[in-house]
Amino acid sequence: PSTNPILKLDTKFGVAIPFLRDFSSQTNLRVVLNDADNGVDNLSQSTFIGGFLPRGRNVQQFWGASSKIFTASNFFYVATQVQWNPKRNLYFNVGANYLDLEYPMTWFNEKHDLKADEHKNRFGVMALGSYQTLIGPISVGVAKDQYLDGVVGFFNLGFYLNPQTQE
């Protein structure tokens, strides 16, 4: 095994903005840059991407794909959604997300290369309905990726505890 140090930048940004009476928008951005190549050969630097709420460490959601279907060491991710709260405890969300495995990494490392059969960028869309109960939210959703066949379904009962942030 190589003992060379790996330089890594992993940054996340999120904002929720209420507008009108029953609406809010949510936007999330994440950039992961390091000098490791994309792929499973370096699991310590890889992030598993896919799913509504993928569980575990080094994971990133992506609406439209099954949980943890992709791996990448470098990526740019942005998601935005609008939430409507028509009645107390009832929520509807629609959103879109974008994943780029090529930029911004190739701006800093020209040797960064992906396999020829990989899609370097992709879009996904989702629709989700949730109802807040005494035991937590009950959520049902569907999502679609631009390159994958079919839709991905989602069901969740209760609150999600993120092991990376203990939230």
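Biologist: How many aromatic pairs does a search of the whole structure find?

Modeller: Rings of Phe, Tyr and Trp (for Trp, its six-membered ring) are paired if their centres lie within 6.5 Å, and planes under 30 degrees apart count as stacked, over 60 as edge-to-face and the rest as tilted. This is a predicted model, in which local features need pLDDT of at least 70 and side-chain atom pairs count only at pLDDT 80 or more, while totals for chains, interfaces and linings use all residues. Residues are numbered from 1 along each chain as its sequence is written, and side-chain values use heavy atoms, with hydrogens and water left out. On that basis the search of the whole structure gives a number of aromatic pairs equal to seven.

Biologist: How are the rings of Phe 19 and Phe 23 arranged as a pair?

Modeller: A pair of aromatic rings is described by the distance of the centres and the angle of the planes. For Phe 19 and Phe 23 the centres are 5.9 Å apart and the planes stand at 25 degrees, so the pair is stacked.

Biologist: Which strands are linked by the pair of Phe 23 and Trp 84?

Modeller: Phe 23 is partly exposed at 28% relative accessibility, where buried means under 20% relative accessible area, exposed over 50% and partly exposed in between (1.4 Å probe, protein chains only). Its ring and that of Trp 84 have centres 6.1 Å apart and planes at 10 degrees, so this pair is stacked. Strands (E, at least two residues) and helices (H or I, at least four) are DSSP runs numbered from the N terminus, and the pair, whose residues are 61 apart, links distant parts of the chain, namely strand E2 (residues 23–34) and strand E6 (residues 75–87).

Biologist: Which residue of strand E9 forms a salt bridge with Arg 122?

Modeller: A salt bridge is a side-chain nitrogen of Lys or Arg within 4 Å of a carboxyl oxygen of Asp or Glu, and the structure holds three of them. In the one formed by Arg 122, the closest N and O atoms are 2.8 Å apart, and both partners are buried. Arg 122 lies in strand E8 and its partner in strand E9, so the bridge ties together parts that are 23 residues apart in sequence, the partner being Asp 145.

Biologist: Is Arg 30, which forms a salt bridge with Asp 10, buried or exposed?

Modeller: The closest N and O atoms of Arg 30 and Asp 10 are 2.8 Å apart. Arg 30 lies in strand E2 and Asp 10 in strand E1 (residues 8–19), so the pair ties together parts that are 20 residues apart in sequence. Asp 10 is partly exposed at 36% relative accessibility, whereas Arg 30, at 3%, counts as buried.

Biologist: Which strand gives the most to the largest nonpolar core?

Modeller: A nonpolar core is a set of buried Ala, Val, Leu, Ile, Met, Phe, Trp, Tyr and Cys residues joined through side-chain atoms within 4.5 Å. Of the 17 residues in the largest one, Ile 49, Phe 52, Phe 62, Phe 75 and Leu 99 touch the most other members. Strand E5 (70–72), E6 and E8 each supply at least two residues of this core, and the strand that gives the most, with three residues, is E6.
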